[in-house]
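Here is a set of exercises to work through with the coordinates open beside you. Try each task before you read its solution.

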Amino acid sequence: MSPSVRLQEMIRVIRSARTQGEERGVIQRECAAIRAQFRQADNGGRSHNLAKLLYVHMLGYPAHFGQMECVRLIASPRYNEKRVGYLGAMMLLDEKQDASLLITNSIKNDLSHSSQYVQSLALCTLACMGSAEMCRDLAPEIDRLLRASNSYIKKKAALCAVHIVRKVPELGELFTPAARSLLSEKNHGVLHGAVVLITELCERNPETLEQFRKTVPDLVQIMKGLVTSGYSPEHNVAGISDPFLQVRILRLLRILGRNNDAASDAMNDLLAQVATNTDSSKTAGSAVLYETVLTVMDIKSESGLRVLAVNILGRFLLNNDRNIRYISMTSLQKIVVTDHNAVQRHRGTIVDCLKDQDASVKRRALELSLALVSAVNIRSMMKELLLFLSSCPPELKSQAACGIFNAAERYAPSQRWHIDTILHVLTTAGGDVRDETVPNLIQLITTASDLHCYTVHKLYRALVTDISQQSLVQVACWCIGEYGDLLLRGECDETEPVQVTEDDVLDALETVLQSHMSSPATRGFALTATMKLSTRITDNVDRIRSIVSIYGSCIDVELQQRAVEYNALFKKYDHMRAAVLERMPVMDKNSPGHTNGESAGGGLKEIGPTKLKQGEPLTAQEPANQVCDLLDLLGGSEEPLRPSPAQGSMAPGLASSIASTAGGDLLDLLGGLEPTPLAPAPAVTVYEKNGVTLTLQCEKETDSGLTVTLTASNATESDISSFTLQAAVPKSVQLHMKAPSGDFLPARSTAKVTQTVLLNNPNKVNLKMRVRMSYTSQGAAFQDTIQIDSFPGPACH
């Protein structure tokens with residue numbers, strides 16, 4: 001290929017290259033020839049060579065050596081060379097290149113050129129790659145061209161001004177008067193540029209936004225003219241008159257009407273007209289209607305107009321184009337919070353979108369369907385969602401299951417329905433649910449005391465049918481362990497009676513223990529359930545003892561520890577086995593005392609000094625959920641603290657067990673000697689104020705173990721509610737607080753509240769305890785702190 005080959009011939013040769021190496025060789029030879037011709041002083045083919053170099057640049061090969069040639073061609077008086085030079089500048093130069101500063105003067109001269117086409121080239125280049133310095137230098141020239149009489153120049157100058165405002169926002173005030181005057185133009189190109197410029201100015205300056213709110217009537221008139229105008233071949237697109245300009249005007253109206261009643265009222269009639277007269281069968285009409293909907297929802301529009309907008313989105317859901325359906329559901333999801341009833345009318349269409357083949361449409365339909373669930377439609381919507389869960393893609397199962405759980409918890413019509421729904425989800429997608437599902441369901445089952453028999457029968461049948469769903473198996477094992485006696489009894493009003501033998505139940509649990517599909521956590525549930533059945537059945541206790549002993553040498557440490565402790569219950573503490581394995585009490589969700597010593601806030605913070613006096617009511621300004629660490633008040637020093645109560649504040653309702661215990665079991669099941677309990681010491685009054693009395697009695701269980709019983713009474717004339725005790729000990733002492741006997745203290749000491757605290761002091765440090773008392777009396781919240789530096793009885797020190 002000779003160096004003088006034409007552009008078309010070079011393109012043909014490059015396209016005919018069979019390999020990338022051959023193409024690279026052709027381009028390297030041509031670039032070398034172009035470099036050689038650039039060095040010649042008098043070269044008549046400069047524009048021709050630069051055009052070829054731009055094509056090479058488009059293919060992704062380096063062409064930076066042509067930047068200076070662009071500067072030379074821009075300065076040329078010939079239009080054909082100037083045109084290629086400006087094109088090269090837009091492609092090869094940017095504001096980071098030093099060469100771009102060399103063309104500033106040429107652009108300024110060409111902006112004053114007598115030819116509109118030369119002015120157009122300069123405007124396009126400045127709008128494409130003008131730096132902040134160039135924009136500051138040339139802004140007055142652009143403002144002058146905005147006031148020119150030539151519409152061709154004004155529309156390009158308006159778009160160039162948009163670039164300048166983006167680069168240098170403070171120059172926006174310069175273009176504000178000219179931009180407003182452009183709205184009176186008839187040329188659609190000028191109007192389009194003016195609307196884009198005004199939009200940019202309003203978004204960047206609130207003061208300018210207030211000025212342009214006065215132009216709302218003008219914009220409304222322009223928009224009405226577009227909607228009511230007849231057929232115009234110059235601007236018609238699929239039967240819509242200039243949809244591009246309509247969309248731009250609607251976006252500007254949305255900005256002007258936001259949070260402004262007067263501007264919103266001025267455009268309500270127009271938006272209703274556009275919404276009813278625009279044909280949505282074509283993409284252009286759908287685009288205009290979509291912008292109309294967004295504008296209606298963003299301004300302070302009338303309620304009827306908002307319903308109309310929702311109905312338009314409902315029509316979009318029936319469109320064959322998936323993109324239109326997707327954006328419709330995206331918009332409806334934003335609207336459903338404020339216009340829930342209007343969106344509910346299209347619930348059937350939204351649910352049908354769950355069957356769409358497109359994954360993105362399915363995801364949006366799922367999110368919107370979950371948002372539409374309410375107490376009125378919970379049953380019908382849940383049927384559709386459960387049907388979708390059984391056939392949805394794997395990547396959506398977790399989201400669908402979580403949404404169903406949340407909806408069922410909020411709107412469940414009955415506890416049985418709630419339990420059935422969750423069990424259905426666990427049966428369908430048990431491997432995709434979150435970790436907290438199992439404890440939440442267990443808590444729900446324990447509260448539904450009249451459904452224990454029904455639940456354990458249903459879970460047993462599910463367990464026998466399928467053990468692959470780990471969450472379902474864990475809940476089933478827990479229920480069988482707790483309510484196995486109800487299962488064996490075979491009497492259940494809510495379900496068909498099924499005769500289940502002890503061997504059948506133990507076979508099911510052994511299958512879970514031996515299955516390779518069972519996780520270590522699931523095996524732990526199954527082993528505990530097997531152990532609990534030892535107090536609920538009569539004929540197979542030896543078999544249970546055999547099963548438990550097998551796992552005493554299990555490779556899993558957690559399972560092995562459980563088995564060894566259960567074996568100890570069988571051998572050394574068999575007389576206490578029934579009490580230890582008795583049925584769990586009803587668990588209140590997020591109730592104090594079930595946090596295993598961890599505060600609800602996660603981390604423990606040091607209590608700072610406060611101005612709250614002893615026994616003073618809490619004020620409304622106090623934080624409602626302040627998390628305090630009583631342990632820090634006792635750590636660091638072994639010196640005895642003064643018996644006066646410490647000052648501090650803690651909101652009522654925090655977890656009553658502040659310190660966590662590593663081994664706070666009921667008994668040391670692996671201990672070598674039987675504990676010999678000592679006689680309890682007499683009770684000592686540690687607090688007496690405002691009619692509330694707190695006594696302490698301690699009993700030494702082992703060499704390092706101590707049981708402390710706190711008893712509270714109320715001698716006042718009014719009842720006390722929300723009574724809680726919180727305790728802290730030095731960090732080397734382990735503390736375990738059992739559940740209190742209650743939280744209500746009736747007047748005149750007619751009843752008492754007791755709280756048992758187990759202390760383990762392996763290091764034999766000087767025992768100290770700080771107790772915080774919180775309660776509510778006559779509508780006011782009280783709290784106080786008691787410091788205990790010594791315990792009654794010689795064996796308790």
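**Exercise 1. A histidine and its surroundings**

In which helix is His188 found? Then decide how accessible the residue is and list its contacts.

*Solution.* A word on the source comes before the steps. This is a predicted model, in which local features need pLDDT of at least 70, side-chain atom pairs count only at pLDDT 80 or more, and totals for chains, interfaces and linings use all residues. Residues are numbered from 1 along each chain as its sequence is written, and side-chain values use heavy atoms, with hydrogens and water left out.

Step 1: His188 lies in helix α11, residues 188–204. Helices here are DSSP runs of H or I with at least four residues, strands are runs of E with at least two, and both are numbered from the N terminus.

Step 2: the relative accessible area of His188 is 17%, so the residue is buried. The cut-offs are under 20% for buried, over 50% for exposed and partly exposed in between, with a 1.4 Å probe and protein chains only.

Step 3: once neighbours within four places in sequence are set aside, His188 touches Leu226, His235, Asp242 and Leu245. Contact means heavy atoms within 4.5 Å.

**Exercise 2. A helix pair**

Describe how α6 and α7 pack, giving angle, handedness and contacting residues.

*Solution.* Two packed helices are described by the angle between their axes and the distance between the axes.

Step 1: the axes of α6 (residues 104–111) and α7 (residues 116–129) come within 8 Å and cross at roughly 140°. That makes α6 oblique to α7. The axes are lines fitted to C-alpha atoms, for helices over the stretch in contact, with angles from 0 to 180 degrees between N-to-C directions. Under 35 degrees counts as roughly parallel, over 145 as roughly antiparallel, 65 to 115 as roughly perpendicular, and the rest as oblique.

Step 2: the crossing of α6 and α7 is left-handed, a term that applies if the near helix is turned anticlockwise from the far one by less than a right angle (clockwise gives right-handed).

Step 3: from α6, Ile107, Asp110 and Leu111 meet Val118, Gln119, Ala122, Leu123 and Thr125 of α7. Sorted by class, this contact has five nonpolar, two polar and one charged residues. Nonpolar covers Ala, Val, Leu, Ile, Met, Phe, Trp, Tyr, Cys and Pro; charged covers Asp, Glu, Lys and Arg; the others, Gly among them, are polar.

**Exercise 3. A five-stranded sheet**

Work out the strand order of the open sheet that holds β5, and follow its pairings.

*Solution.* Step 1: the order is β3-β4-β5-β8-β7, with antiparallel pairing. Two strands pair if DSSP finds at least two bridges between them. At the edges are β3 (684–689) and β7 (734–737), each paired on one side only. From one strand to the next, the twist averages 20°.

Step 2: β4 (residues 692–700) and β5 are joined by nine bridges, and Cys698 stands opposite Val708. A hairpin connects β4 to β5 through four residues.

Step 3: eight bridges pair β5 with β8, where Gln755 is the partner of Leu710. Strand β8 (residues 753–760) then pairs with β7 over four bridges, with Leu735 opposite Leu759.

Step 4: nine of the ten residues of β5 (residues 705–714) are buried, so this strand is largely enclosed by the rest of the structure.

**Exercise 4. Strand β9 and its partners**

Which strands pair with β9, and how is its hairpin turn built?

*Solution.* Step 1: β6 (residues 720–728) runs antiparallel to β9 with seven bridges, among them the one from Gln726 to Arg772.

Step 2: β10 (residues 780–788) is joined to β9 by nine antiparallel bridges, and Ser777 is partnered by Ala780.

Step 3: the β9–β10 hairpin has two residues between the strands, and Gln778 takes a positive phi near 55°.

Step 4: eight of the nine residues of β9 (residues 769–777) are buried, so β9 is largely enclosed by the rest of the structure.
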